[in-house]
Structure formats: C-alpha cells, structure tokens
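Here's a quick briefing to read alongside the model. Have the sequence and the 3D view open, and we'll go through it topic by topic.

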Amino acid sequence: MILNIVLGTLICVGIAVLLEKYVPLKLNPVISVVLWVAILFLGYSLYKSINGPVEFNKTKEARYAKVIVNLKDIRSAELAFQELNGKFTGSFDSLVRFIDTAQFAIIERRDTSYADVEKNKAYGLGNDGGYYIEDIIIDTLGFSSIKDSLFGTTDRYKTMMNIPLEISDGEIFELNAGKYEKNGSLYSVFEARVAKKVILNDQNKDLLFQEEQLVSVDGINGPYVKVGAMDDIDTSGNWPKGYDIPKEQ
C-alpha cells in the first residue's frame, strides 16, 4: 500500500511538471490545481500509512498498561480468596465483600520435641532418654485485614472490575471461576479478561484486526488481555514482562 501511494505521488508530480511545459497556458491553472490537490492527498495518505501504526502502538501500550494494573489487583484478590476459601470466585460482588471483611491469621511456627512415652515404655526406656517425637507448634498471634495487606489505605479494589478507560462506556472485565481436571484431580481456576476490541474500539480496524491475530514473544497474543485461565492451572497474565517493569517518570 505504501509503495502504491509513493508511486502515485511521483506520477502525479511528473504529470504536473509535463503539463506545465506542454499544455496550453489557459488550461494550466485548472489542471495544475487538480493535480496538486491529488499530490497533497496522496502525500497525506502516505504520512498516515507510516505514522498510523506508530500512533496505534503508542495508544495500545498506554491502554494495556492501565488494564493490566486492574488485572493484577483482581489476581491478588482472587489468590487471597482462594487461600481462605479453598476456591476462586466468579463474582466481583463476592470478591469485594471478601476484601472488606476477611482477615489473614498471623501465625508463628515453632519446632518442638517431647518424649515418646509409649515407645520408650515398650523398650523399657525412661522418659529422660530414648525416643522423642518431633513436632511443630503453630500459634495464632493475631489477625490482619486482607484489605490492608493487599491495598493499604486505598479503596481501588472497589473499582478493579471496571475497564479503566474513558472509551469503555462503563464496561467491566469478564470474570469466571470453576474447576479444571488434570491427571485425575480437580483444581480451582479463574480467569479475568477483556477483549482487545473493547480496549481499542476507536482505533483503525485493520490495525486492530492485526493486533488480535498477534503471535509474538514481546506482545500480548490473541484477542484478549487476561489473567488466569479456565483450561489450565495458571494464575499468570498473558502480557510480556515489559508491562511489569515500572515506567520512569
């Protein structure tokens, strides 16, 4: 496409130069105006064809970064929910209520040992020697709010389900949870995701289609930006490591 625009522009310029030399003067103004309009249009098209993908990439990276911040919060909340409840949840309402009220137990583990009375008795040994039982004592020292542990003094968990973009028109992430069978065992799984066409719905449709088909080690593959999976034991996100590195201010 770019090559066609370049060739078209060069042809128009050549025709304009030839017409100025060989066409009667009285016709020159009209034809020249038409040709120069065509040249300007083709030049602008060439600029857009080159600059368009650059601007598209800048826009997608900025928007993906915002989306990924929320997906990380959702993952943190889901992992805490699973730790206390033994499963993930597919409800944002349940997740928010959980964060508002649930607490982690603060525990201390201590190694200890004591005489194995029965075994020592069986072997005719006293309780001051002989066999000992190794054990671990777990003491509960107190409780810590999950909200404070994960989100500090902020309440961003209350809006983590929202697509954090002005263009999203109030849409929220898709959230699913369930069971996945592997090697005869059932595992709790979850997935939170948003379609790229939602994130980039105001961008060039051809570039968006290419982005949805992307297969790359340094890009976000497939039509969704997501964390977790319903068909695998995986709680990671599908974005590359570059999105986990804080940007310099």
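A quick definition before we start: a residue counts as buried when its relative accessible area is under 20%, and as exposed when that area is over 50%. Keep in mind that this is a predicted model. The chain has 249 residues, and 31% of them are buried. Its secondary structure comes to seven helices and five strands, and from the N terminus on the order is α-α-α-β-α-β-α-β-β-α-α-β.

**Helix 7**

- Which residues of helix 7 are buried? Within this helix, residues 205–212, they are Leu207, Leu208, Glu211 and Glu212.
- Looking down the axis of helix 7, you'll see these buried residues fall within an arc of 140°, so they line one face of the helix.
- As a reminder, an α-helix has 3.6 residues a turn, so residues three or four places apart point the same way.
- Turned away from that buried side is a face with the exposed residues Asp206, Phe209 and Gln210.
- At the start of helix 7, look for Asn204: one of its side-chain oxygens comes to within 2.9 Å of the backbone nitrogen of Asp206.

**Helix 3**

- Helix 3 spans residues 92–101, and its buried residues are Phe92, Leu95, Val96, Phe98 and Ile99.
- These buried residues cover an arc of only 160° around the axis, which puts them on the same side of helix 3.
- Asp93, Arg97 and Thr101 are exposed, and they sit on the face of helix 3 turned away from its buried side.
- What caps the N-terminal end of helix 3? That's Ser91, with a side-chain oxygen 3.3 Å from the backbone nitrogen of Asp93.

**Lys60 and its partner**

- Lys60 belongs to helix 2.
- Is Lys60 buried or exposed? Its relative accessible area is 12%, and the cut-off for buried is under 20%, so Lys60 is buried.
- The Lys60 side chain makes a polar contact of 2.8 Å with the side chain of Glu211. You've already met Glu211 as one of the buried residues of helix 7.

**Strands 3, 4 and 5**

- How many bridges join strand 3 to strand 4? There are nine, between residues 174–182 and residues 185–195, and the two strands run antiparallel.
- To check the register, find Ala177, which stands opposite Phe190 in strand 4. Gly178, in turn, faces Val189 of strand 4.
- The hairpin of strand 3 and strand 4 has two residues between the strands.
- Asn183 is in the loop between strand 3 and strand 4, and its phi is near 55°, a positive value in a residue other than glycine.
- Asn183 is also exposed, because its relative accessible area is 75% and the cut-off for exposed is over 50%.
- Strand 4 also pairs with strand 5, residues 224–228, in the antiparallel sense over five bridges. Here Ala195 stands opposite Tyr224 in strand 5.

**Ala115 and strand 1**

- Ala115 lies in strand 1, which covers residues 103–115.
- With a relative accessible area of 19%, Ala115 is buried, so you'll find that value under the 20% cut-off.
- Ala115 and Gly130 are 15 residues apart along the chain, and their C-alpha atoms are separated by 7.6 Å.

**The second largest pocket**

- Rolling a probe the size of a water molecule over the atoms shows where empty space is left.
- The second largest pocket has a volume of about 230 Å³.
- It is lined by 14 residues, and those closest to its centre are Glu61, Asp218, Gly219, Pro240 and Tyr243.
- Which element gives the largest share of the lining of this pocket? Helix 2, residues 28–85, does, with four residues.
- By class, the lining of the second largest pocket breaks down into six nonpolar, three polar and five charged residues.

Conventions:
Residues are numbered from 1 along each chain as its sequence is written. This is a predicted model: local features need pLDDT of at least 70, side-chain atom pairs count only at pLDDT 80 or more; totals for chains, interfaces and linings use all residues. Side-chain values use heavy atoms; hydrogens and water are left out. Buried means under 20% relative accessible area, exposed over 50%, partly exposed in between (1.4 Å probe, protein chains only). The arc is that of the directions from the helix axis to the C-beta atoms. A polar contact is a pair of N or O atoms within 3.5 Å; within protein, one must be able to donate a hydrogen and the other to accept it, and residues adjacent in sequence count only if both atoms are side-chain atoms. On a 1 Å grid over the protein atoms alone, a cavity is a set of points where a 1.4 Å probe fits but cannot get out, and a pocket is an open set with protein on both sides within 12 Å along at least five of seven lines; lining residues have an atom within 4 Å of a point. Grid points are joined across faces, edges and corners, and a volume is the space filled by probe spheres set on the points. Ala, Val, Leu, Ile, Met, Phe, Trp, Tyr, Cys and Pro count as nonpolar, Asp, Glu, Lys and Arg as charged, and the others, Gly among them, as polar. Two strands pair if DSSP finds at least two bridges between them.
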